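Subject: Structure for you to look at

Hi,

Here is the structure I promised to pass on. Please open it next to this email, and I will walk through what turned up.

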Amino acid sequence: MYTQSFNVPDADAKPGTPLKAVPHDAALQAHFDAVVDADGKIEPRDWMPDAYRKTLVRQISQHAHSEIVGMLPEGNWISRAPSLKRKAILVAKVQDEGGHGLYLYSAAETLGTSRDQMFEALHSGKAKYSSIFNYPTLTWADVGVVGWLVDGAAIMNQIPLCRCSFGPYARAMIRVCKEESFHQRQGYEALLTMMQGTEEQKAMVQDAVNRWWWKCLAMFGPPDADSPNSVQGMRWGIKRISNDDLRQKFVDATVPQAEVLGVTLPDPDLKWNEARGHHDHGQIDWDEFWAVVNGDGPCNKERLATRVKAWNDGAWVRDAALAHAARQQARAMKEAA
Ligand code: 3HC
């Protein structure tokens, strides 16, 4: 029978064929490995190892949480944007992040986890989300720097995910990356405008860059040697480029952008290494990173409390939508009867 799924048993297979001779799971595993090795896509109805499924649920749900928690530091500035143009751009950007969260929750749901389970994990503090969103956006320049550096780092990490072996995640990432690219450019353009302004505006941009630079480098995750999930994630074609290599690509891409902007990146050890063909950079404070990941960043409690409040405040919308859907279903059944 023609099917998209790899895990439907072939009803016509004769007993005793080689496929039946090997243990069932081994054949499925071999097929899965072959698809992954050939850079093919695993789809939700295909057989996949439990650990692959769990890894994807972990990564995609963390990613979805990062998108919706990521709405908060910038959403904070919508009412204080300096012009109608900047406000319209910021509203669109923050809405995009909400949309990214929704694509990603949907992609994770295809793996058999429910949205309620994922929200429960976020709201109870069990789930991780990106460390970067636990820092405050103190001035308008922070909004530009979040676009330029945070979204820039996010794109660097996410473009390879468009080639992830799990189909729904890869497809979601294509659209996410297009939108993130606009986010990065709007941030850079806002900063270019400020850098043509007063001395106070230029100082504000430099101050924001100083506060965000190291946090953005840490966003890519622990060094490869301390990254427990990387080897298997890369073997499965979920991750395509390692944490350290992505970080290096980000540094190399950002240095010339900083020069054009006229800001200094706050790292005395940052310099071009001719032999490596890359920039060397200073030490990242991994103790701070782990403290933030484990709940002790400047804004962790505030971010979580805001998400929980939004969830509770929205209860009546969910109740109304469910009641409406139930009524529509009852009406459809009555008409069909
Ligand atoms: N913040 C919080 N936790 C982090 C982290 C970060 N910046 N980087 C790594 N970690 C966590 C991992 O989740 C993992 O924890 P777990 O095993 O309990 O889940 C642990 O640290 C060890 O890290 P690993 O390198 O072994 O983990 P991964 O192989 O999963 O790599 C990752 C981490 C690179 C973040 C990877 O999961 C990934 O690429 N995720 C998808 C992209 C993503 O989530 N990006 C977050 C930012 S999204 C965003 O910024 C929104 C945009 O709008 C700006």
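Among contacts (heavy atoms within 4.5 Å) in the protein chain between residues at least 6 apart in sequence, 76% join residues at least 24 apart. Before the rest, a word on conventions. This is a predicted model, in which local features need pLDDT of at least 70 and side-chain atom pairs count only at pLDDT 80 or more, while totals for chains, interfaces and linings use all residues. Residues are numbered from 1 along each chain as its sequence is written, and side-chain values use heavy atoms, with hydrogens and water left out.

**The chain as a whole**

The protein chain holds 14 helices and two strands; these are DSSP runs (H or I of at least four residues for helices, E of at least two for strands), numbered from the N terminus. Its C-alpha trace spans about 80 × 60 × 30 Å along the principal axes. Of the 337 residues, 46% count as buried, where buried means under 20% relative accessible area, exposed over 50%, and partly exposed in between (1.4 Å probe, protein chains only). About 17,600 Å² of the protein chain is exposed, and carbon and sulfur atoms supply 58% of that area. The areas come from the Shrake-Rupley method with a 1.4 Å probe; for residues, only the protein chains shown count as cover.

As for charges, there are 38 positive and 42 negative ones, and their mean positions are 6 Å apart. Lys and Arg count as positive and Asp and Glu as negative, without His and the chain ends; each charge is placed at NZ of Lys, CZ of Arg, CG of Asp or CD of Glu.

**Aromatic rings**

Rings of Phe, Tyr and Trp (its six-membered ring) pair if their centres lie within 6.5 Å; planes under 30 degrees apart are stacked, over 60 edge-to-face, and the rest tilted. By this rule there are twelve aromatic pairs. One of them joins F32 and Y52 edge-to-face, at 4.8 Å centre to centre with 75° between the planes. That pair links distant parts of the chain, since F32 is in helix α2 (residues 24-37) and Y52 is in helix α3 (residues 50-69), 20 residues apart. F32 is buried at 2% relative accessible area, and Y52 is buried at 0%.

Y52 also forms an edge-to-face pair with W236, at 5.5 Å centre to centre and 85° between the planes. Here, too, distant parts of the chain are linked: Y52 in helix α3 and W236 in the loop between α10 (230-235) and α11 (243-261), 184 residues apart. W236 counts as buried because its relative accessibility is 9%. Ring pairs link F32, W47, Y52 and W236 into a cluster.

You may also like two places where a charge sits over a ring, meaning NZ of Lys or CZ of Arg within 6 Å of the ring centre and within 35 degrees of the ring normal. The charged end of R80 is over the ring of W77, 3.9 Å from its centre, and that of R318 is over the ring of W311, 3.5 Å from its centre.

**An unusual phi**

Most residues other than glycine have a negative phi. D39 has a positive one, near 60°. D39 lies in the loop between α2 and α3 and is partly exposed, at 48% relative accessibility.

**A few residues and their distances**

A64 is in helix α3 and is buried, with a relative accessible area of 0%. Leaving aside neighbours within four places in sequence, A64 is in contact with G101, L104 and Y105. The C-alpha atoms of A64 and L102 are separated by 7.2 Å, with their positions 38 residues apart along the chain.

A154 belongs to helix α7 (residues 140-158) and is buried at 11%. Its C-alpha atom is 8.3 Å from that of M219, 65 residues apart along the chain.

A121, in helix α6 (residues 115-123), is 34 Å from Y188, C-alpha to C-alpha, the two being 67 residues apart along the chain. Beyond neighbours within four places in sequence, A121 is in contact with K126 and A127.

And where does P82 lie? P82 is in the loop between α4 (71-75) and α5 (84-109), and counts as exposed at 55% relative accessibility. P82 and D96 are 14 residues apart in sequence and 20 Å apart in space, C-alpha to C-alpha.

Enjoy exploring!

Best wishes
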